[in-house]
Amino acid sequence: MELPFNLIGEDRQFENLPSGRSELYISPEPQSLWYYEKKNYSQDDLENVKKCVYNRAKFRCELCNENISQVSDARIIYRYEYNYAPLGKHSCRTLKRILLACADCDDTTNYFKTKNYSQLIKIGKTPIEVHLHITDVLSDFRIKNQIVWITNEGVLEKNGIKRMCVSPEM
Ligand SMILES: [Zn+2]
């Protein structure tokens with residue numbers, strides 16, 4: 001299946017910096033989503049998303065601009081908007097943007113798993129700025145962990161990528 005260059009429903013300006021570049025930041029998945037991952041989609045479909053995002057980003061990491069020589073070296077970062085619901089209702093994260101990333105930027109995004117934040121230094125953050133960022137992320141992470149999140153990936157579904165099964169919380 002060939003995906004369109006612009007995925008229907010995707011916001012390619014989501015969280016962009018004034019320069020137009022996407023921002024690199026550490027982004028741990030809240031605990032209630034640890035087993036969610038992307039297991040509900042077929043590998044073929046996810047591979048198609050990767051190829052589409054790789055081609056439209058012209059083989060460059062959208063976070064640090066590094067050239068990514070082959071699609072097998074590319075990583076994909078899914079960016080979500082988190083909406084907190086009033087008490088008693090489901091809070092929801094909504095897929096907004098799909099980014100092409102190099103391995104170092106992806107590892108930095110997943111710092112709590114990889115313990116690698118070298119890319120934040122490489123793009124110009126000082127060690128103190130990195131430390132403050134980690135502190136901010138941790139406090140946000142603790143808040144998000146108190147909530148059971150549901151996931152809206154309408155962007156994928158609108159582009160013909162269907163879940164193989166429906167996760168229990170949906
Ligand atoms: Zn990168």
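The exchange below takes up the labels applied to this predicted model and asks what each of them rests on.

Me: What makes the protein chain as compact as a globular protein of its length?
Reply: The radius of gyration of the protein chain is 16 Å, which is close to the 15 Å that the globule rule gives for 170 residues, so the chain counts as being as compact as a globular protein of that length. Along the principal axes, its C-alpha atoms fill a box of roughly 40 × 40 × 30 Å. Buried residues make up 20% of the 170 residues, and among contacts between residues at least 6 apart in sequence, 69% join residues at least 24 apart.

Me: Which elements make up the secondary structure, and in what order do they run?
Reply: The protein chain has 6 helices and 3 strands, and from the N terminus on these run α-β-β-α-α-α-α-β-α.

Me: Why are β1 and β3 called edge strands?
Reply: The 3 strands form an open sheet in the order β1-β2-β3. Strands β1 (75-83) and β3 (149-152) each pair on one side only, and that is what the term edge strand refers to here. From one strand to the next, the twist averages 40°.

Me: What makes the pairing in this sheet mixed?
Reply: Strands of a sheet can pair either parallel or antiparallel, through backbone hydrogen bonds. Here β1 and β2 run antiparallel and are joined by 9 bridges, whereas β2 (residues 91-101) and β3 pair in the parallel sense over 4 bridges. Both senses are therefore present, with two bridges being the minimum for a pair, and the pairing of the sheet is mixed.

Me: Which residues stand opposite each other in these pairs?
Reply: Between β1 and β2, Tyr78 stands opposite Ile98. On the side of β3, the bridge partner of Ser91 is Trp149, and Cys92 stands opposite Ile150.

Me: How do you know that helix α1 packs on the sheet, and what angle does its direction make with that of β2?
Reply: Helix α1 (residues 43-56) touches β1 and β2, and its direction makes about 55° with that of β2. A contact of this kind requires C-beta atoms within 7 Å.

Me: Which residues of the largest nonpolar core touch the most other members, and where does the core draw its residues from?
Reply: The core has 21 residues, of which Cys61, Leu63, Leu99, Leu100, Ala101 and Cys105 touch the most other members. The elements that give two or more residues to the core are α1, β2 and α6 (154-158), and the largest share, 5 residues, comes from β2. Leaving aside its neighbours within four places in sequence, Leu99 is in contact with Ser22, Glu62, Leu63, Ile77 and Arg79.

Me: What makes the phi values of Lys58 and Phe59 worth pointing out?
Reply: Most residues other than glycine have a negative phi. Lys58, however, has a positive phi near 55°, and Phe59, which is not a glycine either, has a positive phi of about 65°. Lys58 lies in the loop between α1 and β1, and Phe59 lies in the loop between α1 and β1 as well.

Me: Why is Lys58 called exposed, and why does Phe59 count as partly exposed?
Reply: A residue is exposed if 12 or fewer other C-beta atoms lie within 10 Å of its own, buried if there are 20 or more, and partly exposed in between. Lys58 has 10 other C-beta atoms within 10 Å and is therefore exposed. Phe59 has 16 C-beta neighbours inside 10 Å, so it counts as partly exposed.

Me: Why do Arg60 and Glu66 count as partly exposed?
Reply: Arg60 has 14 C-beta neighbours inside 10 Å, a count that falls between the two limits, so Arg60 is partly exposed. Glu66, with 17 other C-beta atoms within 10 Å, also falls between them and is therefore partly exposed.

Me: Where do Arg60 and Glu66 lie, and which residues are they in contact with?
Reply: Arg60 lies in the loop between α1 and β1, and so does Glu66. Leaving aside neighbours within four places in sequence, Arg60 is in contact with Asn65, Glu66, Asn67 and Ile68, while Glu66 is in contact with Arg60, Cys61 and Cys102. The C-alpha atoms of Arg60 and Ala101, 41 residues apart along the chain, are separated by 7.6 Å, whereas those of Glu66 and Val53, 13 residues apart along the chain, are separated by 15 Å.

Key
Residues are numbered from 1 along each chain as its sequence is written. This is a predicted model: local features need pLDDT of at least 70, side-chain atom pairs count only at pLDDT 80 or more; totals for chains, interfaces and linings use all residues. Axes are lines fitted to C-alpha atoms, for helices over the stretch in contact, and angles run from 0 to 180 degrees between N-to-C directions. Two residues are in contact if their C-beta atoms, placed from the backbone, lie within 7 Å. A nonpolar core is a set of buried Ala, Val, Leu, Ile, Met, Phe, Trp, Tyr and Cys residues joined through C-beta atoms within 7 Å. The radius of gyration is taken over C-alpha atoms; the globule rule is 2.2 Å times the number of residues to the power 0.38.
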